[in-house]
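Q: I'd like a close look at one part of this model, the place where two of its chains meet. Could you walk me through it in plain words?

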Amino acid sequence: MSTQEIRFSGFGGQGIIRCALITGKALSLYDDKFATMTQSFGPEARGSACAAQLVVSDERVLYPYITQPGILMALSQEAYDKYYGELPKGGVLIVEQDLVKLHSDHADLALMRVPATRFAEALGNRLFTNLVALGFFTAVTEVVTADAMKKALPGLVPDRFLKINLRAFEKGYEHGLQLMGQGAAESVS
Amino acid sequence: MFFNDLKPVQGKVHINNAWCKGCGFCVQFCPTNVLDVSPEFNAKGYHPPYVKNPDDCRYCMYCQMICPEFSIFVTRLDENADAAKEEAKK
Amino acid sequence: MITDLGQFKEDSPMSGTLRMERMPHIWCPGCGIGSEVNAFAEAVKRSGIDPKKLVVVSGIGCTGRVAGYVDFDSIHTTHGRAIPVATGIKLANPELTVVVFSGEGDLTGIGGNHLIHAARRNMDLVVICNNNFTYGMTGGQVTPTTPSSAIASTTPYGNYEYPFSLPFLADAAGATYVARWTSMHVRNLTQSIEEALARKGFSFIEVISPCTTLYLRRNRLGDGVDMLQNYQENTVLKHGCDTRETAIDFSGKIVIGKFVEKDKPTYLEAVDKCCVKLVGDDYQLYGKTVPEREAEEKAEKERVAARRAAVLAEEAEANE
Amino acid sequence: MNFVSADPRGVDAGPHFMDGDHALAEGALAAGCRFFAGYPITPSTEAAERFAERAPEVGALFIQMEDELASIAALIGAAWGGKKVMTVTCGPGFSLMVENIGLAVMTETPLVIANVQRGGPSTGLPTLTAQQDMMQAKWGPHGDNAIIALSPDSPQECFDLAIEAFNLSEFYRVPVIILTDETVGHMHEKVVIPPADQIQVVPRNNYSGPKEDFRPYKFDGQGGHPMTQAGDGYNFHITGLVHDERGYPVMTPEQGKTVVTHLMEKINGNADKIVRLAEDQVDGADVVVVSYGITSRIAVKAIQDARNEGIKVGSLRLITIWPFCETRIRELAGKVKAIVVPEINYGQMVLEVERCAAGKCEVISVNHCGGAVHDPEVILDAIRKASK
């Protein structure tokens, strides 16, 4: 049995919860996996750092919360500051390239950087940042298939923005593939 | 038009002593003083009303409406009809 | 005098309205609630509405017992909750006419929040509020309407709280029909209830009524007859009176009349409007479209009108 | 119980990725619930929101009442108005509803309440999980009364048990409480909603005989007695007072005994038919973990680890919490060394387990005061201790 624990994080308004919802739906409805999504609620979840967790498995997930995430997507400085320490050696760290200043080169992590906000702005609106990041996440982690992710979008993004969200996803996805083609994790020096 | 020719409507008061609690509303507020408080007691020790002046009832039914015990109702006195009813019973 | 109780029950105009097998009732001598029930029964009869489609809901307290005595579908709820229960029953089956019959302690004390919100929503209910200025069933405590300085068992040295004026409260909260009578004004009350039964929206009818055993005795106000005479002499009829002017003093004049009557979409009409906009003309509530429900309502209205005409014709004939 | 297929209008068939709260609303709609009155309270609000969103297309009615007192009161009205009804809340709101849950018990009114538990007492931990309302669910209303409570462990079960809750509620004419928790309520997982013809629902059983024979009640300690709906011409009367079979108040100790005995026996006397349990390797086990809801999922993790260590440990998951699975616990107590009871409260279910075990085996409480689920290690430790 392989179990993956993933944390999506950023600041409120970036569509973090949506990222986890789309991924969870893609995995459990179209990729034949089991996925359990949880999130923080209440005052502590408003503003500041916002996070959603996904536990993915080939079998039914029992313990619904993450114990040690293998993958962390941090789209804001605060989220990165708060959560990067949880990653074990070899863990995957995905950060927003322009918004997150790294504390170190994280030599023992697989570090991936994506200019998601810039790409989203180029597509017309920074609201698509999360989809760019998700496309990137899909390409670099291979936890979920791109096909499943695209199928999961309807119903989770507004109908009239479906196309542009798909484009944002693809933009991130291609960027991820490119990066992977260049030789896996980027090393920051 | 000659109002003198009009015969006043007459009513007949039916009283259920058993439920009466002797509040006196019917006696007090009857516009034609048809009713009075009976010196008799009912089973609960109240003085129910009795029909003192039956001919004065004008079928206004105020006693029926004000009686909080649902113990009074008034029917229209129609001697011919009543007689016919009696006849039918026999 | 009648000696045959069975015959009396059968012949009584209240048969068909009262659960005769439950008589006599528990109310005290000189209490006004019975008179109000007479007015209610008469109004129902004259209204022409199908008694099968009438539901009476009461809360707790002396007036709360009304639901148990009337021979309609009836619910005796918990203290203060008559209005939300009535709301549920009306919304579950909009064809029903739902009447809340309860006391002022129940409706405006413990149930005050429900009263103002049902009024705010213009929920299609008729609320008849017996106001006797005291909690009768529990022994005569102060209520939200007890006039200043009046004695109650929990204000043994006189009431120092400010009382509600119920017509003002109901009006301010959004009621679309507001009237006040006393239990002596049975004819006006009958007419008011009849009007309320015939209209749509939240109707609030306050009935000032004597509590002989507790309020009157404790405040040395005489017996029921004295109080009814007082109502006769000390009420001022002012239809359309600004509800801000309807406060009741301990010994001052009582303003009575129909104060408010206006049209405003009811809660259900507002739901329909919103949902038709959203779903389209085939929007259905409980499997019926708005035009279907309107057609049914119209047909029922015609039947009601016919029944009402028949009742009035019979009455006219009797008075010929 | 008579079953019919669900009304397709309420069934959003297919696979979904949804949280437990949404699944509760979907389950209710599938079960034929067409009236929902509620008041917002974390962590149950999503269920109300889902119902409000779906109501227009399904032809149901949603109303947000002024408070929880009004919400449950409206349910009682709407139930006698002929509809299947539901509300959702959590501890503080449930506390306000308790009054009219009592009225519903007394008037034998079918209704479903989901309590998505959060940490208490009082405002407590509004956004964090707990199982602290187990005893309140049963003992909340004053006076003796019996209800049914079910506990789902996943969004899928939220859907499934919502339907079961309505079915039990209709048959036994009793409030059924779905006692879930913040974790399950807010957790998203795959929920498969079957097509309407594969969903079995118990329709409202309305009386249709002659008026003079109509009795809204029958005090025989059984379910299945028909009710009626307002407008059908039977002129029902219902009251929270002790009453006779016509619904009229009869205030004598004898009648009180008749009514209370009926209300209790209707549920407790039929516990064997009502109670549902999920058992795993219980027979032959030295230790049995008794748990429900989210805790049973956490416990499975500990159980698996314990089995890997060679401990013979079984799992008994309560799907029905009330009536309590008394018979089964009594049986087990004579056979196992110990029963381990993890629950997210200071120790509530353990009292029932201890009562039923009656000293025949050790009963180990693994409590956690709310705000989070257990660390599986703690349950594992208790299992290890219990096996010795």
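Before we get there, how far apart do the closest C-alpha atoms of chain B and chain D lie?

A: Happy to help! Please keep in mind that this is a predicted model. The closest C-alpha atoms of chain B and chain D lie 19 Å apart, and no contact joins these two chains. Chain A and chain C are not joined by any contact either, and their closest C-alpha atoms are 17 Å apart. Three pairs of chains are in contact, and among these, chains C and D share the most contacts.

Now for our close look, at the meeting of chain C with chain B. Here 40 residues of chain C are in contact with 30 residues of chain B. The size of an interface is often given as the accessible area lost when the parts come together. Between chain C and chain B, the buried area is about 2900 Å², with carbon and sulfur atoms giving 65% of it. What about polar links? Ten residue pairs are in polar contact between chain C and chain B, counting pairs with both residues at pLDDT 80 or more, while the count of salt bridges between the two chains is zero.

Let's turn to the side of chain C that touches chain B. At least two residues each come from α1 (5-11), α2 (33-47), α8 (186-198), α10 (224-234) and α12 (290-318) of chain C. The largest share, six residues, is supplied by α2(C). Sorted by character, the residues on this side of chain C are 22 nonpolar, twelve polar and six charged.

Notes:
Residues numbered from 1 in each chain as written. Chains lettered and ligands numbered in written order. Predicted model: local features only at pLDDT ≥ 70, side-chain atom pairs only at ≥ 80, totals over all residues. Heavy atoms only, no water. Contact = heavy atoms within 4.5 Å. Buried area = accessible area lost by both parts, 1.4 Å probe. Salt bridge = Lys/Arg side-chain N within 4 Å of Asp/Glu carboxyl O. Polar contact = N/O pair within 3.5 Å; in protein donor to acceptor, adjacent residues only side chain to side chain. Helix = DSSP H or I, 4+ residues; strand = E, 2+ residues; numbered from the N terminus. Nonpolar A, V, L, I, M, F, W, Y, C, P; charged D, E, K, R; others polar.
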